[in-house]
Amino acid sequence: MKARTRKVQTTKTNYMSDEAFADLKEAMEGALAFERGERRDVKVTRIQAPRPPKAMSPEDIARIRQKLNCSQVVFAMMPNISPKTVQAWEQGSREPGDAALKLLSVAKKLEVLLEA
């Protein structure tokens, strides 16, 4: 009878090269020196992260949909979501997440444009 051999799993560890580590270390030291006011010769790019979208009430969501003159099914097709999701938002049993709130805020702006 043949003896069974167990496969031993080995984990391969990827290490950073010495050159890459030295570059990263130099960059971090430069950033710290800049923040401390010790260096001024460093190129700095600062960006401001966008604010998270504001929450919307179930009434707000229904109002946007109604101003766009859409059924829940048609409104759900626009951002490619389930009609049951729109229904749950409008009933208040679920709240839209940040990505959905961003799309709803775009729809709200579109609704304002259509009014004009």
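Okay, so asparagine 80: buried or exposed? In this predicted model, asparagine 80 has a relative accessibility of 70%. Exposed here means over 50%, so asparagine 80 counts as exposed. You'll find asparagine 80 in the loop that sits between H3 and helix H4, which covers 83-91.

Now look at the backbone there. Phi of asparagine 80 is near 65°, so we have a positive value in a residue that isn't glycine. Why point that out? Well, most residues other than glycine have a negative phi.

Asparagine 69 also has a positive phi, near 60°, and again that's a residue other than glycine. Where is asparagine 69? Go to the loop between helix H2 (58-67) and helix H3 (72-77). With 71% relative accessibility, asparagine 69 counts as exposed too.

Okay, let's swing over to helix H1, residues 18-35, where glutamate 26 is found. Glutamate 26 has 56% relative accessibility, so put that one down as exposed. Which residues gather with Glu26 in a patch of negative charge on the surface? Those are Glu19, Asp23 and Glu29.

Helix H1 also holds phenylalanine 21. Phenylalanine 21 has a relative accessible area of 49%, and the cut-off for exposed is over 50%, so phenylalanine 21 is called partly exposed. Phe21 belongs to a nonpolar patch on the surface, along with Met16, Leu24 and Met28. Together, those four have about 410 Å² of accessible area.

So, to recap: we've got positive phi values at asparagine 69 and asparagine 80, a patch of negative charge that includes Glu26, and a nonpolar patch that includes Phe21. That's me done, thanks!

Conventions
Residues are numbered from 1 along each chain as its sequence is written. This is a predicted model: local features need pLDDT of at least 70, side-chain atom pairs count only at pLDDT 80 or more; totals for chains, interfaces and linings use all residues. Side-chain values use heavy atoms; hydrogens and water are left out. Helices (H or I, at least four residues) and strands (E, at least two) are DSSP runs, numbered from the N terminus. Buried means under 20% relative accessible area, exposed over 50%, partly exposed in between (1.4 Å probe, protein chains only). Patches are made of residues with over 30% relative accessible area and no salt bridge: like charges are joined within 9 Å, nonpolar side chains (Val, Leu, Ile, Met, Phe, Trp, Tyr) within 5 Å. Accessible areas come from the Shrake-Rupley method with a 1.4 Å probe; for residues, only the protein chains shown count as cover. A salt bridge is a side-chain nitrogen of Lys or Arg within 4 Å of a carboxyl oxygen of Asp or Glu. Lys and Arg count as positive and Asp and Glu as negative; His and the chain ends are not counted. The place of a charge is taken as NZ of Lys, CZ of Arg, CG of Asp or CD of Glu.
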